[in-house]
Amino acid sequence: MTNKHPALEPAMLGPLRLKNRIIKAGTFENMTPNGMPGDTLLRFHTGFAEGGIAMTTIGYCAVSKEGALNANMLVMDEAIRTPLENVISAIHARNCKVSGQMGHCGAFSKNRSLNKRPKGASGGLNILGISEGMWIAETMTLSDIQDMIEQYRKAARFMKSVGFDALEIHFGHGYGLCQFLSPLTNRRKDQYGGSMENRLRLPLEVLAAVREEVGKDFPILGKISMTEGRRGGLDYEDAMQIAIALDQAGIDGIVTSGGTSTMNPMLMFRGPSILPALLRYETNRIMRFLLRLVGRRMFPSMPFSELYFIEQAKRIQKAVKCKIIYIGGACSGQSLQTLLDSGFDFFQLGRSLLADPDFADQLSADRNFVSRCKHCNKCVGTIESPKGIHCPEFYAHIDI
Ligand SMILES: Cc1cc2nc3c(=O)[nH]c(=O)nc-3n(C[C@H](O)[C@H](O)[C@H](O)COP(=O)(O)O)c2cc1C
């Protein structure tokens, strides 16, 4: 009898065969100065590929310049075709698939290079942009909304053509499409605001456009926030409706995250507050002042427990036909066994893979492998580190 961990068995994710069930979660790398992919990004992702995972995710691929939070994010257009193709083929050469997380920041941006105000479901204060003098976000017009759909369509065409094996549309974490879904950030009075049906309209139109572009034999995943954890915001019941709507619209898989980067990031991570880590790398004086002012309230420590989203993700899984890709605190062979026993076919790992890029190989040697990740959340602050994201506990010394 083989003692191989079942998480290392192959499985189909929609039309895509993955050699095992372990997928690297999208974690914005901050390794693309001026939005240009190169060796650093290549080494980062080939590291996971060499460690045995089935698929890695290139984090936050902006569908347009307007959709990028800052000027160091990848924008999916011809200007980066060759270097991006190089990164993707290097990952493929190591027998690993590549997904790209499609993002649009909507009203939440600090991309001063745009020289215009960001636009979202509804206008208002753009907290992230304060340090850049971009205080105000505007409300998207109907024509802006059509433009956004076309940006997703064009980005999807480009991403398929450069070799991505799957696309993950970001519907969560407070970004552009989530701003439409959430009653807290969508105060529109037209057909894109109000009822859940209306708030779902744009996300579903985006999904339809991306599907039209990539065809039915290409996997599309969607990352959602199962709750925003704020009064009046999206909650677990809303998430059920969102997941069912995405499923009925033909999505291949849903990544069941939670929280928002804007209002409630600790819900996504749990564990000690990310405030010290953010302060460590933030150099802008205004941002440092703001972090000190509101940071304790905005980033409260929350108890960490392994698989902290499992119960809510299970409810969604029972309600849909598509695959549910579990995310949140999976960090050991035992975690993955519990997920498989609960009926999940795939899992995304973020922090555990930052600490142990060879997680899958380690699991193959020891089915009870436990990641070194302590969920200290120091890695979260490295989003602003000049050397890009890394686990400061184990990789601080390495020039990534
Ligand atoms: C450094 C860092 C950067 C992240 N960037 C993104 C991102 O760009 N997009 C996203 O959807 N989630 C992002 N996340 C959240 C992760 O994808 C994931 O939801 C979270 O870390 C919980 O999973 P884990 O317990 O496996 O780490 C990031 C997380 C970390 C630690």
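These legends walk through several close-up views of a predicted model.

**View 1. The ligand and the residues around it.** Welcome to the ligand, which has 22 residues around it. Of these, G26, H170, G329, G350 and R351 come nearest. Sorted by kind, the shell holds 11 nonpolar residues, nine polar ones and two charged ones. Two helices to look for are α8 (266-269) and α15 (378-381), each of which supplies at least two residues of this shell.

**View 2. Polar atoms facing the ligand's oxygen atoms.** Which residue places a backbone N or O atom 2.8 Å from an oxygen atom of the ligand? That residue is G26. From R351, an N or O atom in the side chain is 2.7 Å from an oxygen atom of the ligand. H173 takes part too, with a polar side-chain atom lying 3.4 Å from a ligand oxygen atom. On its own the ligand has 610 Å² of accessible area, and the protein covers 97% of that.

**View 3. H170 in strand β9.** Now turn to H170, one of the residues that come nearest to the ligand. H170 sits in strand β9, which spans residues 166-170. Is H170 buried or exposed? H170 counts as buried because its relative accessible area is 3%, under the 20% cut-off. The side chains of H170 and H173 make a polar contact at 3.4 Å. Setting aside neighbours within four places in sequence, H170 is in contact with Q101, M102, Y175, L177 and K223.

**View 4. Q179 in helix α4.** Here the focus is Q179, found in helix α4 (residues 176-181). Q179 is buried as well, because its relative accessible area is 5%, again under 20%. A polar atom of the Q179 side chain lies 3.0 Å from the backbone oxygen of G174. Leaving out residues up to four places away in sequence, Q179 touches several others, including C105, F108, G120, T185 and N186. Follow the chain to S122 and you will find it 57 residues from Q179 in sequence, yet the two C-alpha atoms are 8.1 Å apart in space.

**View 5. The stretch from residue 9 to residue 252.** For these residues, an unreviewed UniProt entry lists "domain: NADH:flavin oxidoreductase/NADH oxidase N-terminal". Over residues 9-252 the chain is 34% helix and 18% strand. If you look for the two ends of the stretch, their C-alpha atoms are 19 Å apart.

How values were computed
Residues are numbered from 1 along each chain as its sequence is written. This is a predicted model: local features need pLDDT of at least 70, side-chain atom pairs count only at pLDDT 80 or more; totals for chains, interfaces and linings use all residues. Side-chain values use heavy atoms; hydrogens and water are left out. Helices (H or I, at least four residues) and strands (E, at least two) are DSSP runs, numbered from the N terminus. Buried means under 20% relative accessible area, exposed over 50%, partly exposed in between (1.4 Å probe, protein chains only). A polar contact is a pair of N or O atoms within 3.5 Å; within protein, one must be able to donate a hydrogen and the other to accept it, and residues adjacent in sequence count only if both atoms are side-chain atoms. Contact means heavy atoms within 4.5 Å. A residue is near a molecule or strand if one of its heavy atoms lies within 4 Å of it. Accessible areas come from the Shrake-Rupley method with a 1.4 Å probe; for residues, only the protein chains shown count as cover. Ala, Val, Leu, Ile, Met, Phe, Trp, Tyr, Cys and Pro count as nonpolar, Asp, Glu, Lys and Arg as charged, and the others, Gly among them, as polar. UniProt positions are given in the numbering used here, feature names are shortened, and annotations may be inferred rather than shown by experiment.
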